Amino acid sequence: MIESHLSLLLVVLPLTAAPIIAVLPNGRLPWAVSTIVSWSVFYMAAWQLINVSTGHTISYELGGWAPPWGIEYRIDAANALVALVVSGIAALTLPYALKSVIKEIPEKQHALFYTAFMLCLTGLLGIAQTGDIFNLFVFLEISSLSSYALISLGRQRQALTAAYQYLIMGTIGATFFIIGVGLLYAMTGTLNMADLSQRLPELYNHRTIHTAFAFIMVGFALKLALFPLHLWLPNAYTYAPTVVSIFLAATATKVAVYVMLRMVFSVFGFSFIENTPADELFILLCVMGILSMSFYAIYQKDSKRLLAYSSVAQIGYMMLGIGLGSVLGVTATMVHLFNHALMKGALFMAIGALVYRVSSSRLEHFSGLGKQMPWTFGAIVIGGLSLIGVPGTAGFISKWYLVLAAIEKQNWFIVGVILTGSLLAVVYVWKLVEVLYFNVADKPQQGQISATEAPLMMLIPMWVLVLANVYFGFNTELTVGTAEQAVKLLLPGASE
């Protein structure tokens, strides 16, 4: 009975929990309820992925209305993997949040914080689960509005500015997306993604369809923070509470990448994209983003901003696979979507542990902390190696498939860009390592004298992600296996 409603429960459970948490008294109770809900959702997402791992597709009709008339949740290997990433990161972030939230957010706002967190989780899971393009917009707004609130809770006044900037950019992106959806509906009379994919081919030459595609792509490129539409992201990640930075960095952009995959390959079809300049434009913007944002990361003096610019560069890698449009390219995108959530989640957790001890994310306040906090330092080193793409880490698998995709297309320039991006990552990861382990502060910074290792509740989730980076660097059955299964559905009839 539960299994038949699993796809709906994934979304309904955190949505129902949000108003309940809002009326709970401040303290540990809102955190406890949020943690229980997030772990329950994670188990359901894992169960869902197992159900579709054989190539089976789940179709859930809301209210008993058959698609395309009613809203359909349509689950295959692609969105089941995304739902697992979102719920898994949430399940690990909330235990970490117990100490971090107490340190960074006033107690009177704790219940509201966990309420917004549940709403954000609801929105991201809903985007992944739904097979209805307008319903996707609704969940996009739920996740976006709650994200603005979460970012604004940062300790520094700049958090309000960052949230407002994200609100403006996010609203523009959502407006572009809904205009595109409206144009599609006007031409096809349907909002169901599977139905759209059947009706659009005969309208490929119509200018309205091309206009709709352009609006949707630009709208989600803003949400995705694809270069050069990334300007909201660095401030948002830098000034948000650490827990929010962890969750958004590891999930929000990954869900946006999934939507891009779904729109390009499932709804419009790559045969449509090939007749537009979109694939070449994706590759051009990705190359510029990978190189320029990696350079930007090198010169940052704030650790969270450094990782934020690194994230924009990593988004370039994910979108590069879409631009290449091959089986290997899309496989690389799906694998990197999963792996980047692990590596960036681990790195932001490690930075958060340092912030917890010295109350600052600026690099000059981290001098010598690597020796005082060896477990946190070890997490940064391993997470950094995965970000670079060193063999034996999850990051290597992603970049290996991306290089293979570029070689398959005989595009040696792209291969060079990927390798250059990895070399630049060595520089900014080494910058963190150098400050933490080899630098000695000229004078003790505030709080640094008594700095000790981070609390166990922060170290355990951090090291789960760190070890996952190593594990999935050797065992690719889940990541590559599921990605290959997803590609068969996204690119039907495609050959290796």
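# Exercises on a predicted model

Leaving out neighbours up to four places away in sequence, Phe 268 makes contact with Leu 184, Leu 200, Tyr 204, Ile 209, Phe 213, Ile 216, Met 263 and Ile 273. Please keep in mind throughout that this is a predicted model. Let's work through it together.

## Exercise 1: The core

Find out which residues of the largest nonpolar core touch the most other members, and which helix gives the most to this core.

**Solution.**
- Step 1. Start with the core as a whole: the largest nonpolar core has 199 residues.
- Step 2. Look for the members with the most partners: these are Phe 113 and Phe 268.
- Step 3. Turn to the helices. Helix 14, which spans residues 327-358, gives the most to the core, with 22 residues.

## Exercise 2: Two salt bridges

A search of the whole structure gives 2 salt bridges. Describe where the partners of each pair sit and decide whether Arg 199 is buried, partly exposed or exposed.

**Solution.**
- Step 1. Take the pair of Asp 76 and Arg 262, whose side chains meet at 2.9 Å, N to O.
- Step 2. Place these two residues along the chain. Asp 76 is in the loop between strand 2 (72-75) and helix 3 (77-104), while Arg 262 belongs to helix 10 (residues 242-268). The two are 186 residues apart, and the pair links distant parts of the chain.
- Step 3. Check their surroundings: both Asp 76 and Arg 262 are buried.
- Step 4. Now take the other pair, Arg 199 and Asp 195, with an N to O distance of 3.0 Å. Both are found in helix 7 (residues 193-199), 4 residues apart, or about one turn of the helix.
- Step 5. Compare with the cut-offs: buried means under 20%, exposed means over 50%, and partly exposed is in between. Arg 199 has a relative accessibility of 31%, so Arg 199 counts as partly exposed. Asp 195 has 16%, so Asp 195 counts as buried.

## Exercise 3: An enclosed space

Work out how much space the largest cavity holds and which elements give two or more residues to its lining.

**Solution.**
- Step 1. Count the cavities: the structure holds 1 cavity of 30 Å³ or more.
- Step 2. Give the volume: the largest cavity has about 130 Å³ of space.
- Step 3. Look at the lining. There are 13 lining residues, and Leu 124, Leu 140, Ser 143, Tyr 166 and Ala 252 are the closest to the centre.
- Step 4. Assign the lining to elements. Helix 4 (110-129), helix 5 (133-152), helix 8 (207-224) and helix 10 give two or more residues each.
- Step 5. Sort the lining by class: 8 residues are nonpolar, 4 are polar and 1 is charged.

## Exercise 4: Two pockets

Describe the linings of the largest pocket and the second largest pocket, then sort each by residue class.

**Solution.**
- Step 1. Begin with the largest pocket, which has a volume of about 510 Å³. Its lining has 26 residues, and those nearest the centre are Ser 197, Arg 262, Phe 265, Ser 266 and Leu 489. Notice Arg 262, the salt-bridge partner of Asp 76.
- Step 2. Name the elements that give two or more residues to this lining: strand 2, helix 7, helix 10 and helix 20 (479-490). The largest share, 6 residues, comes from helix 10.
- Step 3. Sort this lining into classes: 13 nonpolar, 9 polar and 4 charged residues.
- Step 4. Move to the second largest pocket, with a volume of about 350 Å³. Here 19 residues form the lining, with Phe 42, Leu 84, Gly 88, Phe 338 and Leu 342 nearest the centre.
- Step 5. Name the elements again: helix 2 (28-52), helix 3, helix 14 and helix 19 give two or more residues to this second lining. Helix 3 gives the most, with 6 residues.
- Step 6. Sort the second lining: 18 residues are nonpolar, 1 is polar and none is charged.

## Exercise 5: Two single residues

Decide whether Asn 469 is buried or exposed, and do likewise for Val 403. Then list their contacts beyond four places in sequence.

**Solution.**
- Step 1. Locate Asn 469 in helix 19 (residues 456-474). Its relative accessible area is 0%, so Asn 469 is buried.
- Step 2. List what Asn 469 touches: Asn 339, Leu 342, Met 343, Ala 346, Ser 386, Gly 392, Thr 393 and Ala 394.
- Step 3. Locate Val 403 in helix 17 (residues 394-408). With a relative accessible area of 15%, Val 403 is buried.
- Step 4. List the contacts of Val 403: these are Val 415 and Ile 418. Val 403 and Val 415 are 12 residues apart in sequence, with 5.6 Å from C-alpha to C-alpha.

Terms used:
Residues are numbered from 1 along each chain as its sequence is written. This is a predicted model: local features need pLDDT of at least 70, side-chain atom pairs count only at pLDDT 80 or more; totals for chains, interfaces and linings use all residues. Side-chain values use heavy atoms; hydrogens and water are left out. A nonpolar core is a set of buried Ala, Val, Leu, Ile, Met, Phe, Trp, Tyr and Cys residues joined through side-chain atoms within 4.5 Å. Buried means under 20% relative accessible area, exposed over 50%, partly exposed in between (1.4 Å probe, protein chains only). Contact means heavy atoms within 4.5 Å. A salt bridge is a side-chain nitrogen of Lys or Arg within 4 Å of a carboxyl oxygen of Asp or Glu. On a 1 Å grid over the protein atoms alone, a cavity is a set of points where a 1.4 Å probe fits but cannot get out, and a pocket is an open set with protein on both sides within 12 Å along at least five of seven lines; lining residues have an atom within 4 Å of a point. Grid points are joined across faces, edges and corners, and a volume is the space filled by probe spheres set on the points. Ala, Val, Leu, Ile, Met, Phe, Trp, Tyr, Cys and Pro count as nonpolar, Asp, Glu, Lys and Arg as charged, and the others, Gly among them, as polar.
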